Amino acid sequence: MGSHFTATHWGVYLPRVEDGRVVALAPAPWDASPSPIGDSVPGAIDGPTRVRRPAVRAGFLDPRTRRASAALRGRDAYVEVPWDEALDLAAGELARVRSAHGNGAIFGGSYGWSSAGRFHHAQGQLHRFLNAFGGYVASRDSYSLGAGRVLMPHIVADMDTLLREHTSWDVLAEHCELFVCLGGLPLKNAQVSPGGASDHLLPTALRRLSERGVRFINVSPVRDDLQGVAQVQWLPIRPGSDTAFLLAIAHVLFHEGLADETFLASHTTGWTTLRDYVLGHGDGQPKTPAWAASRTGLAAHDIAALAREMASRRTLINTAYSLQRAWRGEQPFWMTVAVAALLGQVGLPGGGFGLGYGCMNNTGSGRAPFSGPRLPQGHNPVQDFIPVARVADMLLRPGQAYDYNGQALRYPDIRLIYWAGGNAFHHHQDLYRLARAWHRPETIIVHEQYWTAQARHADIVLPATTFLERDDIGSSASDRYLIAMKAAIPPIAEARDDYAILSALARRLDCEEVYTEGRDAGTWLRLLYDASRARAQSHGIALPAFDAFWQAGRFEVPLPARPMVLLEDFRRDPAASPLPTPSGRIELYSMRIASFGYDDCPGHPAWFDPPGTPYPLHLLSNQPATRLHSQYDQGALSRASKIQEREPLTMNPEDARPRGIADGDIVRVHNGQGAFLAAARLSAGIRQGVVQIATGAWYDPLTPGTARGLDKHGNPNVVTQDIGASRLSQGCAAQSTSVEITRWDGPLPPVTAFVPPAGIAMPPSRR
Ligand SMILES: Nc1nc2c(c(=O)[nH]1)N[C@H]1C(S)=C(S)[C@@H](COP(=O)(O)OP(=O)(O)OC[C@H]3O[C@@H](n4cnc5c(=O)[nH]c(N)nc54)[C@H](O)[C@@H]3O)O[C@H]1N2
Ligand SMILES: Nc1nc2c(c(=O)[nH]1)N[C@H]1C(S)=C(S)[C@@H](COP(=O)(O)OP(=O)(O)OC[C@H]3O[C@@H](n4cnc5c(=O)[nH]c(N)nc54)[C@H](O)[C@@H]3O)O[C@H]1N2
Ligand SMILES: [Mo]
């Protein structure tokens, strides 16, 4: 063990094992820009935050207080119990809830990134298990792309197809002249891809484009969202106003006769309706650069000059996911497509639109969109589902009606939550509200590797192995390598694979044969790999036999002969290669969306003036540079990035001065929903009126269980709003948040997020 590569979502590494412990993860030698996040793993996997044995919440363990103690979730003690006792308890609860309320009372959405290996993918395993058990309430879409995933199929194609077919960096380097990026191309984010980022592409790609003389426009409140290129203009836009900016670009194009009406007529539908809206024919308000200036905070002449430049050069317009993780988040994506269509460059090499270059490593790799092994999920007979970010609404409002993508739905009545491989107390908005919602169900079961807030709000916590403790295959669509992930060390303490845990439950619940089909993990790996060989073939890829792959340790996915250009075939012949939209074309007016009758998402892209807020600063909560979401926040790299143990928050000196805040000061960030402590980092590289903090500091309430209390550590989700982007998508709208900030002069409470809950003994060696 230990001399083979392994895969994480942020890169491939060679684990170095000494005396049975993983002491280092060395980056893969072929990777020109490896991620330092690997450094956080060795100290964490056998460190004090690890869940070492099954544990049950003290109030839950006692049948007399089991129900009444639900409100203690988040502050109760835990009792470690033997595996059999924990499994019997979990199986008993599953059986009880199913017989009393049916499978529709079990929520198994279990959103989250888990680990990179594709067989031991906790969420996939849980879904398969719950299907074998008779079904569960699922969740749809993602926190990443809540608005985008629902919108895009109506107007171009589904998000997965689009992401896999993005024009390659190679083609961009050759043909692109002007790269307009909304939300930048942040190097920090391109460290990752779900399932693996085996070769990091963005730093090299930016250097090549830069050397070819490409001019970049960074439309973002944050200057550092675009680094490493020679020619860059920063347009420090007000967050949430990009739709106004794009409408003004469209105004210039229409008004000055720069719109490609031939392309609009042949490849789009509804463009005259959009034109009338842009020119103000219906509402009397032309969406001019001057109109946009007051909304975006940008100069009208900058917007107009950029529009003309875009029309005169081969232009790619790219929009980061973050823009749609917002109130009315559908609109910036729709307008991005619209502007690219007006320029008539969709389907041209180096032109058109991108949605998320720089958000994930593999976007633009140009590799075949093949991804390796996939665990079959079985069939879910339960029809009820929720849009993923409506989880607290579901728990707090059972039976209540809501809208989603043209459907009138009702929230199910959930009695049991089962979660494996995600951290809702990281990813969800308005965490105090979530904590209240978490008091509702009768039973919460969680598999975790670490004592995260997700584990600390569960009744039954089952310890899961990490990727270093099991054999698996790492694989991601459009990635360079398939990786044979071989266990480097045996399981830590009593941790078990998610598959082993669920198999043991299935045995107790009489669905073992359906779930396991009589196979052990090794047999499954071989079977799933073999099943993926046929899919590989359809992409023209000849995968070797399993044994040869396993022995070699990796397989390189070849670059396709034909360079990838997004929507190339559609451009060439829209009749022969129509889009999967109702019209077969790009829909700048969607009759289907219009037919839903939503005032918050009409039939064409539109601007909504944001509601006024009582708080003066716009809070952006972006993806962290030093970890994956909340994963390995307890690790060395993430801990080293903190100031006085708190998460850094970037703030403009002009906003800091009147508040008496100096660089490095601890600040209290607050609004009507809650408050958290952070460490101020002053920078002129952020637009005035905007502050930014990374997500992922482990939730650390000063007084657990108090309504609207103080998070000591810097978790922005205590102040974000738990609202849907619109009735169309109900997507996560975390970026639309306003706050006030004051200097914290009180005594500084220690961070305790990394201390396991009461009752759990810390390993003596680490005390
Ligand atoms: N305010 C704000 N909130 C956001 C965002 C934002 O921009 N702003 N971004 C959102 C986005 S885009 C996303 S994708 C989400 C991410 O939210 P999540 O995906 O839920 O976050 P992670 O921290 O990756 O959580 C994964 C958890 O799974 C555990 N885990 C890892 N491997 C395994 C395994 O093999 N087995 C088991 N049982 N557990 C495992 C880890 O320990 C970790 O606790 O956050 C969202 N939340
Ligand atoms: N290292 C690391 N990389 C990651 C992740 C991680 O946890 N760690 N998470 C991954 C995941 S799950 C996802 S979904 C992607 C997400 O990718 P994104 O959602 O794009 O990531 P963010 O960091 O939230 O946002 C990118 C930048 O957009 C800018 N921005 C925010 N709001 C606005 C706005 O209204 N207008 C404009 N013009 N700009 C704005 C911010 O300055 C921010 O730095 O990242 C992935 N990459
Ligand atoms: Mo995401």
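**Two ligands and the domains around them**

In this predicted model, ligand 1 lies between domain 1 (47-134 + 380-470 + 492-518) and domain 3 (617-743), because both of these domains give residues to the shell around ligand 1. The shell comprises 34 residues, of which Ser115, His427, Glu448, Ser630 and Asn717 come nearest to ligand 1. Two elements of secondary structure, helix H16 (424-427) and strand E18 (443-448), each supply at least two residues of this shell. When the residues around ligand 1 are sorted by class, 22 are polar, eight are nonpolar and four are charged.

Several side chains place an N or O atom at a short listed distance from ligand 1, and one of them belongs to His427, where the separation from an oxygen atom of the ligand is 2.7 Å. The side chain of Gln623 has an N or O atom 3.3 Å from an oxygen atom of ligand 1, and for the side chain of Gln735 the corresponding distance to an oxygen atom of the ligand is 3.3 Å. Ligand 1, taken alone, exposes 920 Å², and the protein buries 99% of that area.

The surroundings of ligand 2 can be described in a parallel way. Here 33 residues form the surroundings, and Lys188, Asp225, Asp242, Arg325 and His629 come nearest to the ligand. At least three residues of the shell are drawn from domain 2 (157-367 + 570-596), and at least three from domain 3 (617-743). The shell around ligand 2 divides by class into 16 nonpolar, twelve polar and five charged residues.

Polar atoms of both the backbone and the side chains approach ligand 2. A polar backbone atom of Gly240 is 2.8 Å from an oxygen atom of the ligand, while a polar backbone atom of Cys359 is 3.2 Å from an oxygen atom of ligand 2. In the case of Gln692, a polar atom of the side chain lies 3.3 Å from an oxygen atom of ligand 2. Taken alone, ligand 2 exposes 900 Å², of which the protein buries 98%.

The two shells can be placed within the overall division of the chain, which consists of domain 1 (47-134 + 380-470 + 492-518), domain 2 (157-367 + 570-596) and domain 3 (617-743). Domain 3 gives residues to the shell around ligand 1, and domain 3 also gives residues to the shell around ligand 2. Between domain 2 and domain 3, the C-alpha centres lie 28 Å apart, and 24 residues of domain 2 are in contact with 22 residues of domain 3.

Annotations from the UniProt record, an unreviewed entry, cover further stretches of the chain. The record places the feature "domain: Molybdopterin oxidoreductase N-terminal" at residues 6-45, a stretch that in the model is 12% helix and 45% strand, with its end C-alpha atoms 15 Å apart. For "domain: Molybdopterin oxidoreductase", UniProt lists residues 50-507, and over these residues the chain is 36% helix and 15% strand, the end C-alpha atoms being 27 Å apart. The annotation "domain: Molybdopterin dinucleotide-binding" comes from the same kind of record, UniProt, and covers residues 617-737. Over residues 617-737 the chain is 7% helix and 26% strand, and the C-alpha atoms at the ends are 8 Å apart.

Notes: Residues are numbered from 1 along each chain as its sequence is written. Chains are lettered from A and ligands numbered from 1 in the order in which they are written. This is a predicted model: local features need pLDDT of at least 70, side-chain atom pairs count only at pLDDT 80 or more; totals for chains, interfaces and linings use all residues. Side-chain values use heavy atoms; hydrogens and water are left out. A residue is near a molecule or strand if one of its heavy atoms lies within 4 Å of it. A polar contact is a pair of N or O atoms within 3.5 Å; within protein, one must be able to donate a hydrogen and the other to accept it, and residues adjacent in sequence count only if both atoms are side-chain atoms. Accessible areas come from the Shrake-Rupley method with a 1.4 Å probe; for residues, only the protein chains shown count as cover. Ala, Val, Leu, Ile, Met, Phe, Trp, Tyr, Cys and Pro count as nonpolar, Asp, Glu, Lys and Arg as charged, and the others, Gly among them, as polar. Domain bounds come from an automatic or database domain assignment. UniProt positions are given in the numbering used here, feature names are shortened, and annotations may be inferred rather than shown by experiment. Helices (H or I, at least four residues) and strands (E, at least two) are DSSP runs, numbered from the N terminus. Contact means heavy atoms within 4.5 Å.
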